[in-house]
Every structure is written in structure tokens, then in C-alpha cells.
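Thanks for coming, everyone. I'll keep this brisk. Have the structure open while I talk.

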Amino acid sequence: MQFQILNQNLDEIKADFEAVLVVDKNLEHKFIKDDFKFYKFDGCGVLVLPEKRRIYVGVKRLDYDYLRVAMSQIYNALKGYDIKSLKIASYLCKCTKKTFQAIAEGFILGSYKFDKYKSDKKESSLDEILISTDEYNEKEIDLKKADMGLKFGKIIADATNFAKDGVNEIPNTYTPDHMAKEAQNLASNYTDVECLVYDEKFLKEQNMGAFLAVNKASIHPPRLIHLKYTPKSKPLKKIIFVGKGLTYDSGGLSLKPSNYMLTMKCDKSGALAAMGIIKGASELELPFEIHAIIGATENMIGGNAYKPDDVLISRSGTTIEVRNTDAEGRLVLADVLSYAQDFNPDLLIDMATLTGACAVGVGQFTTGLLGNNVELLREYKDSASMSGELFTIFEFNDYLRELIDSQIADVSNVSSSRYGGTTTAGLFLDKFIKDEYKDRWLHLDIAGPAYVEKAWGYNQYGASGAGVRANLYFLQNLAKELK
Ligand code: BES
Ligand code: ZN
Ligand code: ZN
């Protein structure tokens with residue numbers, strides 16, 4: 001999709017269609033009061049007037065996320081029309097650059113589709129968005145900043161859509177080895193990104209007994225994938241993202257009921273978010289050394305499967321009693337987090353579709369945010385939320401910590417209580433974070449927002465790319481702070 005900012009009045013710009021925002025149900029619009037009445041348009045949703053070549057979209061406020069949703073609604077309402085170009089005024093939020101960024105993100109995120117397996121692909125012809133500087137006076141507009149905003153928005157939304165493509169791909173095709181090839185392919189497109197892939201032999205050498213156990217009943221060998229982005233100038237910080245890359249989670253011998261197993265191709269969402277971040281970081285030329293370290297495997301059943309009652313020896317030496325083979329993500333992460341700390345990160349962020357409890361607790365739209373460093377949690381939440389992704393902080397406490405005690409090993413892979421499942425999963429991961437990294441670690445439980453079963457906002461059915469935008473916004477803000 002092409003975006004262009006034109007220093008012209010909206011009326012002077014030639015385009016196939018025009019979009020107008022109706023803010024806070026303010027229907028006192030210059031052209032069209034009668035039409036609003038006739039169509040009973042109350043300022044919510046969209047009103048398309050094909051004869052007038054105009055679309056109206058209601059927004060509550062001119063905030064960034066309302067803008068993103070509105071742009072997505074515009075695109076989707078018009079995708080059936082034979083039009084190429086659309087013009088729109090530039091609606092002023094709090095800061096020019098971010099407004100344009102949000103406009104680009106809204107269109108690109110909203111236009112995503114996964115139609116690879118559809119025989120009848122419906123292509124939209126709308127691909128030119130013309131933005132008028134109409135709404136600004138000379139002093140307010142900074143065209144360079146506005147252009148930069150569009151560029152950033154495009155990069156961030158493309159990185160998100162890249163992650164969606166991987167998550168949406170079917171489990172029969174998208175195996176751990178396939179994921180590794182995709183990572184290598186990503187690295188080959190960027191001179192500042194390297195990729196190392198490790199196989200079973202390496203995992204054995206590394207004593208990754210927990211990761212290997214999860215893989216045991218799968219016919220597809222596991223992969224440890226390590227992507228690294230190096231900036232041109234001396235990095236301001238080293239930041240490591242760890243991703244849960246379960247290419248399928250059947251639950252293992254603690255088999256999921258069939259209606260819960262459906263959608264479990266999405267259990268690789270943390271891994272794809274980490275890859276999307278590397279892609280975005282390279283294109284944004286962020287001033288950090290950024291790693292994505294991914295544990296890729298399936299969790300399957302079979303004669304060779306790991307079992308409830310097994311005790312695993314993890315890479316760090318901590319022994320784990322398996323009481324439920326469906327709590328497999330934390331086993332993979334235990335070993336990958338241990339590995340990641342060897343690289344001495346300034347910040348360590350893991351992303352995982354870890355617990356159904358997270359969606360039960362805070363709804364399917366929100367990512368759970370956990371860690372030991374209260375200040376970092378708050379700062380991260382404020383900064384990452386500007387992306388439009390939603391976060392809730394889950395706090396650790398010692399009573400919950402006791403619930404993962406084991407009678408026969410150092411820790412149990414599930415809690416002894418049915419309550420607090422997201423926090424106890426976070427506390428399990430915490431057992432594998434060394435003292436010196438406790439305050440530099442964040443855990444993102446994306447089980448709720450990663451996969452969309454009923455479209456919301458600018459997210460269509462399927463993968464949402466959760467974690468990509470949030471972290472790219474966080475990293476962009478951090479770069480600005482440190483500059
Ligand atoms: N991959 C699932 C979590 C999940 C659930 C992701 C729903 C996306 C949507 C994870 O491996 C899992 O099965 N967790 C169990 C943990 C339980 C056994 C303690 C769960 O949430 O039920
Ligand atoms: Zn599971
Ligand atoms: Zn899982």
C-alpha cells in the first residue's frame with residue numbers, strides 16, 4: 001500500500017473515494033446532515049455513500065488506537081469496490097509523527113488476509129492513500145516527521161503481518177525445521193541479521209532435558225533458533241527476546257479435549273513475534289543489539305512420549321516433576337531462558353502463549369505481563385501500550401510461589417491449585433532466571449490476544465501478531481529516551 005502526504009486542500013486532491021471521520025458522534029457535518037438522517041447514521045460504525053464517493057467513519061476520540069481501528073474499517077468497507085485511491089484529511093492527535101504512524105498501521109494491519117488456501121482469492125484494488133495536510137496550519141505541520149511516521153507505521157505493521165503469516169500457516173507444513181528455514185530466510189534478507197540453527201545433538205550437549213522431553217513423541221526433530229540483529233553503531237543495550245515455538249500443542253499424554261486442541265497451531269506465536277521484532281528492528285535501524293532465541297518443537301502423543309510422573313533434568317540442573325504434559329511451554333522456555341542468560345542481556349523478554357488462564361482472567365484481548373521488577377513492569381506497560389496492544393500486570397507473591405513445590409523434585413510443572421495459573425506459570429519460569437537477571441526479565445503471556453477467533457479492532461480472524469508492535473514501540477521509545 002502506498003501513502004502520500006499532499007500539501008493541498010482535500011477538495012483539490014483527485015482520488016476515487018474520500019474518507020471522513022465523524023468524531024464523538026458529531027454529526028454537524030458541512031455536507032451531509034440530511035443523508036445522516038436518511039440513513040439513520042448515528043456516528044458509530046461506517047456509512048458508505050457510493051454515489052458521492054464518500055465514506056464516513058465514527059470514532060470516539062482522535063486517539064491513536066481509534067484512528068487505527070477507523071482506518072481498518074475504512075479499508076474493509078471499501079475493499080469490494082473497484083477503486084484504487086482514497087483521500088483523507090490528516091487528523092491531528094497529540095503529535096504529528098505518531099498520528100501518521102497510526103494511520104499507516106491501521107490500513108496495513110486492517111488489510112491483512114490469510115487466503116493462501118482459498119481457491120477464490122478476493123483481491124482489493126485499493127492501494128493508494130492520499131493524506132491532505134488540510135487540518136494543519138503552517139506551524140503545526142512538519143512534513144518530514146509526518147513522512148517518518150508513515151515509514152515507521154509501515155515497517156511496524158509489515159513486521160506484525162509477517163508474524164501473522166507464520167502463525168496462520170498450518171501445522172502439517174510449519175514444523176520446527178520449517179520455522180528454522182523461515183528464520184534463515186529472514187536473515188538472508190538483511191545484512192545486519194544473522195541466524196544460527198541448532199539441532200537435537202546440540203540440545204543434548206547443552207543438557208536441555210526439559211526441552212528435549214517435550215519433543216520426544218514428535219516425528220519432527222526440535223530446533224533451537226538464534227537470530228541476532230547488530231546495529232551499525234555501538235549498541236546502546238543488548239536485548240534478548242525468547243519465544244515459545246510450539247508448532248503444535250496437542251497437550252501430549254495429558255491430551256487436550258478436541259475443542260481445546262483446535263487453534264493450537266497458534267502455540268508458535270511467541271516465536272513468530274520474536275522473528276517479527278528482528279525484522280522490524282533491522283528496518284527501523286534500532287540502536288540495540290537484539291537477539292531472538294526460539295525453542296521450536298511439537299508436543300505430541302506416542303509410545304515415546306514424556307509422561308506425567310516423569311522427572312526431567314533441565315539445563316540449569318533444576319529438576320522438574322512433570323504432573324501435566326500440557327504445561328509444556330514452560331519446560332521449553334526453562335531451557336531456552338537458561339541458554340539466553342549465557343549471552344548476558346541487559347533486558348530479557350520472553351513471549352509465550354503460555355496459559356489459557358490468562359485469557360480467562362483478563363479477557364482474550366490482553367497480554368499478561370509478569371516479572372520481579374515493579375518499576376520495569378510499569379515502564380514497559382506504559383511504553384508498549386502506545387502500540388494499541390493491551391497489558392495487565394500480574395503480581396508474584398510467596399503463597400502462589402509455594403504452589404509449584406514438588407514432593408520429589410525441585411519444582412513441579414503445574415500448580416497444586418486451580419487458581420492463579422498465569423502467575424504460577426510465571427513463577428515457574430522465574431525458577432530458571434539467575435539472581436543477576438531477576439530484575440532485567442519480563443514475561444509476556446500472549447495466550448489471549450495471539451489468536452483471534454472473532455475479529456476485533458483491526459484484527460481479523462486468525463493470528464494477530466501479538467507482541468510485535470508492543471515491543472517495537474517499546475524499543476523505539478527506549479531508543480528515544482537513551483539518545
Ligand atoms: N498452549 C497452551 C496455552 C494456551 C491456551 C494457548 C489457550 C493459547 C490458547 C499451554 O501449553 C497449555 O496447555 N497450558 C495449560 C496449562 C495447564 C496444564 C497448567 C492450560 O492453560 O490449560
Ligand atoms: Zn500445552
Ligand atoms: Zn502450549
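Let's start with the zinc ion (ligand 2). Its site is irregular, with angles of 71 to 168° among 6 donor atoms. One caveat before going on: this is a predicted model.

Which protein atoms hold the zinc ion (ligand 2)? They are Asp 249 (OD), Asp 326 (O), Asp 326 (OD) and Glu 328 (OE). They lie 2.0 to 2.2 Å from the metal. Note that Asp 326 is listed with both O and OD. Along the chain, the donor spacing reads D-x76-D-x1-E.

How covered are these residues? Asp 326 is partly exposed, because its relative accessibility is 21% and buried means under 20%. Glu 328 is at 0%, so Glu 328 counts as buried.

Now the neighbour. Asp 249 bridges the zinc ion (ligand 2) and the zinc ion (ligand 3), and the two ions lie 3.2 Å apart.

The zinc ion (ligand 3) has its own set of residues. Lys 244 (NZ), Asp 249 (OD), Asp 267 (OD) and Glu 328 (OE) coordinate it at 2.0 to 2.4 Å. Here the geometry has a name. The 6 donor atoms subtend angles of 77 to 174°, so the arrangement is octahedral. For reference, six octahedral donors would ideally sit at 90 or 180 degrees. The spacing for the zinc ion (ligand 3) is K-x4-D-x17-D-x60-E. Within that set, Asp 249 and Asp 267 link distant parts of the chain, 18 residues apart. Asp 249 is in strand 9, residues 238–249. Asp 267 is in the loop between helix 8 and helix 9. Both Asp 249 and Asp 267 are buried.

Next, a residue that touches this region. Val 214 is in helix 7, residues 209–215. Is Val 214 buried or exposed? Val 214 is buried, because its relative accessible area is 0%. Its contacts beyond four places in sequence include Glu 328, the zinc ligand we just met, as well as Leu 246, Tyr 306 and Leu 331. Glu 298 is also among them. The C-alpha atoms of Val 214 and Glu 298 are separated by 7.3 Å, with their positions 84 residues apart along the chain.

Out to the surface. Leu 253, Leu 255 and Ile 301 form a nonpolar patch there, with about 260 Å² of accessible area together. Leu 253 is in the loop between strand 9 and helix 8. Its relative accessibility is 41%, so Leu 253 counts as partly exposed.

Last topic: salt bridges. Side chains of opposite charge can pair when their charged atoms come close. The count here is 26.

Take three of them. Arg 61 pairs with Asp 63, with the closest N and O atoms 3.1 Å apart. Asp 127 meets Lys 84 at 3.0 Å, N to O. That pair links distant parts of the chain, 43 residues apart. Asp 127 sits in the loop between helix 3 and strand 6, and Lys 84 in the loop between helix 2 and strand 5.

Third, Arg 401 and Asp 430, at 2.9 Å. This one links helix 13 to helix 14, 29 residues apart. Arg 401 is partly exposed because its relative accessibility is 27%. Asp 430 is at 4%, so Asp 430 is buried. The pair also belongs to a network of salt bridges with Asp 398 and Lys 438.

That's my tour. Questions, please.

Terms used: Residues are numbered from 1 along each chain as its sequence is written. Chains are lettered from A and ligands numbered from 1 in the order in which they are written. This is a predicted model: local features need pLDDT of at least 70, side-chain atom pairs count only at pLDDT 80 or more; totals for chains, interfaces and linings use all residues. Side-chain values use heavy atoms; hydrogens and water are left out. Donors are N, O and S atoms within 2.8 Å of the metal (3.2 Å for Na, K and Ca); water is not among the atoms, so sites may look incomplete. Four donors count as tetrahedral if all angles lie between 85 and 135 degrees; four count as square planar and six as octahedral if opposite donors are over 155 degrees apart and all others between 65 and 115; anything else is irregular. Helices (H or I, at least four residues) and strands (E, at least two) are DSSP runs, numbered from the N terminus. Buried means under 20% relative accessible area, exposed over 50%, partly exposed in between (1.4 Å probe, protein chains only). Patches are made of residues with over 30% relative accessible area and no salt bridge: like charges are joined within 9 Å, nonpolar side chains (Val, Leu, Ile, Met, Phe, Trp, Tyr) within 5 Å. Accessible areas come from the Shrake-Rupley method with a 1.4 Å probe; for residues, only the protein chains shown count as cover. A salt bridge is a side-chain nitrogen of Lys or Arg within 4 Å of a carboxyl oxygen of Asp or Glu. Contact means heavy atoms within 4.5 Å.
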